[in-house]
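Here are some exercises to work through with the model open beside you. Try each task yourself before you read its solution.

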Amino acid sequence: MMIRMQRVPTPLCVPGIRGSSAAFAAALIILSAAALARTPAEAQNEPTMLEEVIEPPYALTAGLHITDPASVHLRIVLDYTDPGSTYAITCTPGETIVERIAGGTATRIGRSRAFGAFEADSTLELTVRRDAWRIVFILDRQVLAEAWDSGLSGGAVGYSATGAEVTDPMMQPLGEIYMTDDFMRGETDVSTWESISGTWQTQSLRVDEQSDRMEADKSANAFSFWGKADEAGPAVASTGYWFWNNYQLTSAVRAADADPLGLIAYFQDPENYILARWTSALSPDPDANLLQLIAVRNGQRSVLGESPGGHLPGQWYRFQLRVCDGVMQCLVDDEPRLVAQATLFGQGQPGLYCEGTGGVFFDSVAVEDWEVLSDDFSQPEPGKWVTRSGDWKQDGGRMLSGGTGSCLAVTGLDGWHDYWVSADVDCTGAAGIALCVGDSSWYALRFGTRGSGVAYEGQAQIVRVSAGDMQVLSTAPAHIAAGSRHQFRASANEGLITGYLDGKRVLDAYDPGARTGRIGLFADGKGSVGFDNVYLAMIPPKRIARVTKEFTEGEEHFEMQEWASTRAPWLQPTEEGGAFWTKGDYFGDKTIEFEVPGVGAADGSVRLTLEGQPGEETSGITLVLSTVKGSKTLTATLVAGSEQLGEQAVEVTSDPVPVRFERKGTWVVASVDGNVVFNVKR
Amino acid sequence: MRRFIVPAVAVTFLMLLMAGSASAAVVKIVVEAGDYFAISPSMVKVTAPYLGNNDYIHIPLRRPHATTETGPADTGNARYKINVPVAGTYRMWLRTWWYDACGNSFFIIVDDKPSVYVEDATYQSWHWVKGPSLTLTAGTHTIRIQNREDGARMDQFMLINSTQYVPTRIETRTSQYIVK
């Protein structure tokens with residue numbers, strides 16, 4: 001396939017020219033002048049469309065060569081069907097605008113700022129990013145506009161410019177960000193890391209007792225990546241690609257000495273990046289014992305935020321830097337330690353960083369998509385929140401509901417799943433948070449504020465609304481005084497909706513349909529409700545507790561058999577047919593997944609117990625699955641002690657049959673062959 | 001002399017304008033795993049409906065898997081012929097799936113050049129891996145993807161004469177450049 005890189009049209013026609021050179025030159029000058037005079041006017045009205053059309057997410061990247069700084073007028077169209085149906089980004093020295101043009105009517109969306117004065121004869125990097133929801137316009141490594149809208153989709157991409165020329169446009173497809181590195185390779189093998197400064201080496205043996213004996217095959221992890229700075233400055237290594245954004249970078253880190261170490265996001269070049277810098281608690285330097293988020297721009301550092309607490313030499317930590325839509329977070333051992341906000345660069349590579357000559361070890365690096373929504377309503381961002389019912393307006397740094405009755409404003413993507421949302425709420429009327437919002441159905445955690453006039457005053461409820469019908473799934477008492485301010489929080493995680501009030505868990509409900517959808521702000525009854533500091537975060541997938549598959553060669557390494565074999569985590573039954581019990585204690589929500597092979601091949605049953613006591617066969621809650629030879633029906637029975645909670649016959653089609661048995665909040669859920677068979681509050 | 005200056009300037013100006021209006025073409029050659037003209041064991045083709053053109057090539061896992069780093073057990077490979085339309089420097093990319101740290105590479109042999117290999121450390125996930133930079137003449141070339149470790153899979157490979165473009169999804173096959 002050929003990708004054609006188009007330029008701004010140059011309507012030059014060169015006929016066969018006869019006659020004197022002067023006439024030829026004059027004709028040419030006239031032609032050229034005509035061409036130059038016509039191009040801008042045409043360009044403004046008729047964008048040059050890129051031939052290649054790709055589905056979002058994508059990034060349009062190009063150069064913008066400034067020819068006349070004062071008259072720069074750049075216009076980029078996305079999802080362009082015709083002039084009356086498109087998104088349009090307009091950039092002039094004094095203003096940047098993003099508009100949704102639908103039905104011929106232009107509506108300004110998102111937030112933006114002006115670039116300011118352009119410099120003559122300069123060439124700036126230009127990127128427009130488009131995914132299912134966002135539009136981001138980046139010029140000269142500055143995020144000039146961000147908008148959130150999914151009203152239009154499909155269509156072409158084009159541009160026009162006066163006072164500037166768009167050069168070498170290219171459509172870069174975007175996709176999932178997922179990259180890992182365990183550095184398990186030879187020291188000279190190919191690597192995805194680029195050493196920017198300092199010294200970087202893959203270490204095939206770690207500096208510990210095991211490695212001293214050179215028994216790499218007995219080391220749980222003999223490999224790491226080692227960096228060391230020099231007199232010229234810090235050591236930096238980068239990976240990934242220029243167009244990566246909204247990601248989290250995770251690394252195990254260990255400093256040999258009391259030297260600063262760090263993680264980098266949105267690396268542009270050695271003079272421009274975002275740095276999470278962590279100094280040592282034992283450092284003699286004035287900036288010791290600190291975790292900092294730093295913006296490095298043109299080599300100049302500015303601290304965006306910092307918190308006390310440094311690392312200790314020789315200690316491994318799990319260190320994380322997250323960036324999304326101007327929100328930056330830093331975590332140590334999964335604990336959020338530092339948050340800052342700044343719209344910088346908008347995209348760029350992840351990287352590793354260290355100072356000093358003692359050296360720092362990095363290992364188990366992962367870069368993954370990270371999505372967050374943080375809205376303090378401090379500036380207008382039209383289009384981000386969409387009114388479904390009632391009246392909503394952004395005012396005084398809050399989102400305010402108006403009118404009486406049910407009001408709903410939503411944002412986000414239909415595909416969002418497994419998340420929690422919090423908001424500070426000034427309660428005059430009843431209020432809540434909507435979850436898993438689809439076109440015709442949604443769920444809500446709602447609180448009946450005193451005096452709001454709603455039927456559920458004094459209560460917290462989780463409700464499901466489907467095709468206009470509302471069903472209460474769960475209720476708990478909750479006192480909300482009129483005019484009081486509270487923090488509401490709700491989560492939706494694989495069907496379980498949980499509600500919190502001021503940090504305390506209040507109630508939950510399980511509904512298999514509560515899986516995906518947008519989020520929303522909900523108000524009800526008399527009085528306005530003000531929402532502030534809305535924050536959404538994705539719930540990471542459950543971690544699988546599994547036995548590491550290495551070191552299971554019992555014959556060769558008999559000394560490891562007790563702790564490293566796949567049977568080691570289980571207490572063996574003392575008699576045939578007895579139960580295997582896990583050695584570990586598992587707290588909170590948990591899921592057991594397993595498969596039943598050969599249903600119908602023989603008579604038999606399998607029992608699975610949650611929250612039991614080893615040796616006490618009737619403790620906990622037990623799922624019993626029974627099969628009969630020749631039948632594709634599984635009989636599922638749920639038992640708690642001597643009480644039978646339910647029995648279901650399930651026709652199965654899969655072989656083996658997948659089974660899930662879960663503790664989800666106050667609910668016990670069992671699924672067989674993809675269908676929920678038990679859903680019991682217990 | 002002066003009488004030649006104006007035409008010369010004008011022609012130069014004209015050429016510059018014409019050059020400016022010409023389109024710089026990027027050539028992207030996308031080959032599906034199943035487009036080989038020959039395949040030899042232990043390389044096999046596997047059907048997978050969720051992938052580009054429904055198949056991938058694979059060095060099946062051995063038991064025990066990669067217990068040593070003594071090198072591949074055989075020279076199993078898939079061979080492809082492509083027709084390069086424009087001579088130039090092409091970046092090779094491979095869409096791969098690696099089993100683990102001991103099943104994460106392929107040898108690549110272009111025409112009769114020495115073998116090189118690709119690898120990275122993102123496991124159990126389909127993703128594009130940057131391969132070698134190749135200087136290719138216009139015309140037909142043979143590319144051999146060869147066993148280096150068991151557990152490695154490849155869905156597509158791509159050659160592109162752009163240093164900027166990075167594949168991130170399943171790419172559209174370019175049948176016009178594939179010689180069967």
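**Exercise 1. Find how β18(A) is paired with β27(A), then with β15(A).**

Step 1. Start with β18(A) and strand β27 (residues 349-354) of chain A: they run antiparallel and are joined by 4 bridges. Strands here are DSSP runs of E, at least two residues long, and helices are runs of H or I, at least four residues long, both numbered from the N terminus. Two strands pair if DSSP finds at least two bridges between them.

Step 2. Pick out one pair of residues: A:Ala237 sits opposite A:Leu352 in β27(A).

Step 3. Now turn to β15(A), which pairs with β18(A) in the antiparallel sense over 3 bridges. Here A:Glu194 faces A:Ser238 of β18(A).

A word on the ground rules before we go on. This is a predicted model, so local features need pLDDT of at least 70 and side-chain atom pairs count only at pLDDT 80 or more, while totals for chains, interfaces and linings use all residues. Residues are numbered from 1 along each chain as its sequence is written, and chains are lettered from A and ligands numbered from 1 in the order in which they are written.

**Exercise 2. Work out which residues of strand β18 lie on each side, and whether they are buried or exposed.**

Step 1. Recall the general pattern: in a regular strand, side chains alternate between the two faces of the sheet.

Step 2. Apply it to strand β18 (residues 235-238) of chain A: A:Ala235 and A:Ala237 are on one side, A:Val236 and A:Ser238 on the other.

Step 3. Check burial. A residue is buried if 20 or more other C-beta atoms lie within 10 Å of its own, exposed if 12 or fewer, and partly exposed in between, with C-beta atoms placed from the backbone. These four residues are all buried, and both faces of the strand are covered.

**Exercise 3. Put the strands of the open sheet in order.**

Step 1. The 7 strands run β15-β18-β27-β20-β21-β22-β23 (chain A), with antiparallel pairing.

Step 2. Look for the edges: β15 (194-197) and β23 (300-308) of chain A each pair on one side only.

Step 3. Follow the twist, which averages 20 degrees from one strand to the next. These angles, from 0 to 180 degrees, are taken between N-to-C directions of axes, which are lines fitted to C-alpha atoms.

Step 4. Zoom in on β21 (residues 272-278) and β22 (residues 290-297) of chain A, an antiparallel pair with 6 bridges. A:Ile274 has A:Ala295 in β22(A) as its bridge partner.

**Exercise 4. Locate the largest nonpolar core.**

Step 1. Know what to look for: a nonpolar core is a set of buried Ala, Val, Leu, Ile, Met, Phe, Trp, Tyr and Cys residues joined through C-beta atoms within 7 Å.

Step 2. The largest one has 90 residues, and A:Phe137, A:Ile264, A:Ile274 and A:Tyr353 have the most contacts inside it.

Step 3. Place it in the chain: domain 1 (33-173) and domain 2 (178-370) of chain A both contribute residues, so the core lies between them. The domain bounds come from an automatic or database domain assignment.

Step 4. Take A:Ile264 as an example. Leaving out residues up to four places away in sequence, its contacts (C-beta atoms, placed from the backbone, within 7 Å) include A:Val236, A:Ile274, A:Leu352 and A:Tyr353.

Step 5. Don't stop there: a second, separate core of 73 residues includes A:Ala431, A:Phe447, A:Ala509 and A:Trp667.

**Exercise 5. Decide whether A:Ala430 is buried or exposed, and find some of its contacts.**

Step 1. Find A:Ala430 in strand β35 (residues 430-437) of chain A.

Step 2. A:Ala430 counts as buried because it has 28 C-beta neighbours inside 10 Å.

Step 3. Among the residues it touches, beyond four places away in sequence, are A:Phe447, A:Ser452 and A:Ala523. The C-alpha atoms of A:Ala430 and A:Ser452 are separated by 5.7 Å, with the two residues 22 apart along the chain.

**Exercise 6. Track down two cis peptide bonds, one at A:Pro656 and one at B:Ser42.**

Step 1. A:Asp655 and A:Pro656 are joined by a cis bond with omega about 0 degrees. A:Pro656 lies in the loop between β50 (643-651) and β51 (657-664) of chain A.

Step 2. The bond from B:Pro41 to B:Ser42 is cis too, with omega near 10 degrees. B:Ser42 is in the loop between β2 (38-40) and β3 (44-47) of chain B.

How values were computed. Contact = placed C-beta atoms within 7 Å.
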